[in-house]
Amino acid sequence: MAGDDVFSLHNVDYSEKGMEQEIIVEGQRKLQTVIYSALDYLGEKWYYTEEGHRYILDARSRRGRQRFVKGYLDKIPVIVRQPIIVGQDSDQPQNLFYYGAVAIEEHGFKRELLAVVMKKSNISVVWDIYWVEKNKVPRKVAVLYRAKGAGRYLRGR
């Protein structure tokens with residue numbers, strides 16, 4: 001699958017590839033090995049790491065309906081740079097969700113909502129990506145940013 005090759009993307013920075021960055025998660029220091037970095041919609045730097053990549057592949061593999069997401073990892077920089085909606089988890093405020101609508105081949109090229117989970121701490125790292133199965137942002141997510149046309153993903157919250 002073309003989408004799962006995170007090692008040859010355009011518009012990302014591979015200059016720090018292999019370097020270790022430390023992130024503090026729930027008071028614990030965790031080393032993350034950089035694959036690439038890029039900028040989000042506000043121009044803030046974030047990292048895609050080997051540890052995050054392994055977690056995503058494992059987590060999506062264990063959830064049958066979510067397996068196809070592994071083929072869309074190349075969409076992460078686009079979603080984070082040009083999100084439709086950005087939200088914050090009310091239970092875990094260090095987690096931000098960047099939502100983007102992506103044409104999914106496995107669903108007849110229907111535009112489906114994907115959520116990139118960004119862990120914000122001393123640095124920002126991609127923690128996960130998943131398919132939002134009902135194409136609606138959950139109520140527990142506080143909306144921080146919304147682009148034109150985002151309303152359809154927020155209705156009924």
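Q: What makes up the secondary structure of the protein chain in this predicted model?
A: The protein chain of this predicted model has two helices and eight strands. From the N terminus on, the elements run β-β-β-α-α-β-β-β-β-β.

Q: Why is the protein chain called as compact as a globular protein of that length?
A: The radius of gyration is 15 Å, and the globule rule gives 15 Å for 157 residues. The two values are close, so the protein chain is as compact as a globular protein of that length. Along the principal axes, the C-alpha atoms fill a box of roughly 40 × 35 × 30 Å.

Q: How many of the 157 residues of the protein chain count as buried, and what supplies the exposed area?
A: Of the 157 residues, 46% count as buried. The protein chain exposes about 8200 Å², and carbon and sulfur atoms supply 48% of that area.

Q: Why is valine 141 called buried?
A: Buried means under 20% relative accessible area. Valine 141 has 3%, so it is buried. Its place is in strand S8. Valine 141 and leucine 96 are 45 residues apart along the chain, and their C-alpha atoms are separated by 8.8 Å.

Q: Why is leucine 39 called partly exposed?
A: Partly exposed covers the range between under 20% and over 50%. Leucine 39 has 47% relative accessibility, so it counts as partly exposed. Leucine 39 is in strand S2. Leaving aside neighbours within four places in sequence, leucine 39 is in contact with Glu44, Lys45, Trp46 and Arg81.

Q: How far apart in space are leucine 39 and valine 132?
A: Leucine 39 and valine 132 are 23 Å apart, C-alpha to C-alpha, and 93 residues apart in sequence.

Q: What makes the phi of phenylalanine 109 worth naming, and is the residue buried or exposed?
A: Phi of phenylalanine 109 is near 60°, a positive value in a residue other than glycine. Phenylalanine 109 lies in the loop between strand S5 (95-104) and strand S6 (110-120). Exposed means over 50% relative accessible area. At 55%, phenylalanine 109 therefore counts as exposed.

Q: How do you know that asparagine 135 is buried?
A: The limit for buried is under 20%. Asparagine 135 has 11% relative accessibility, so it counts as buried. Asparagine 135 is found in the loop between strand S7 (124-131) and strand S8 (141-146). Although not a glycine, asparagine 135 has a positive phi of about 55°.

Q: Which residues of the largest nonpolar core touch the most other members?
A: Of its 27 residues, Tyr36, Trp46, Tyr48, Ile76 and Leu114 touch the most other members. Strand S2 (28-39), strand S3 (45-49), helix H2 (76-81), S5, S6 and S7 each supply at least two residues of this core. S5 gives the most, with four residues. A second, separate core of 14 residues includes Ile84, Ala101, Val117 and Tyr153.

Q: Which residues does tyrosine 48 touch, not counting residues up to four places away in sequence?
A: Among them are Val6, Thr33, Tyr36, His53, Leu73, Ile76 and Val126.

Q: What share of the contacts in the protein chain between residues at least 6 apart in sequence join residues at least 24 apart?
A: That share is 49%.

Q: How far apart are the mean positions of the positive and negative charges of the protein chain?
A: The protein chain has 26 positive and 20 negative charges, and their mean positions are 9 Å apart.

Conventions
Residues are numbered from 1 along each chain as its sequence is written. This is a predicted model: local features need pLDDT of at least 70, side-chain atom pairs count only at pLDDT 80 or more; totals for chains, interfaces and linings use all residues. Side-chain values use heavy atoms; hydrogens and water are left out. The radius of gyration is taken over C-alpha atoms; the globule rule is 2.2 Å times the number of residues to the power 0.38. Buried means under 20% relative accessible area, exposed over 50%, partly exposed in between (1.4 Å probe, protein chains only). Contact means heavy atoms within 4.5 Å. Accessible areas come from the Shrake-Rupley method with a 1.4 Å probe; for residues, only the protein chains shown count as cover. Lys and Arg count as positive and Asp and Glu as negative; His and the chain ends are not counted. The place of a charge is taken as NZ of Lys, CZ of Arg, CG of Asp or CD of Glu. A nonpolar core is a set of buried Ala, Val, Leu, Ile, Met, Phe, Trp, Tyr and Cys residues joined through side-chain atoms within 4.5 Å.
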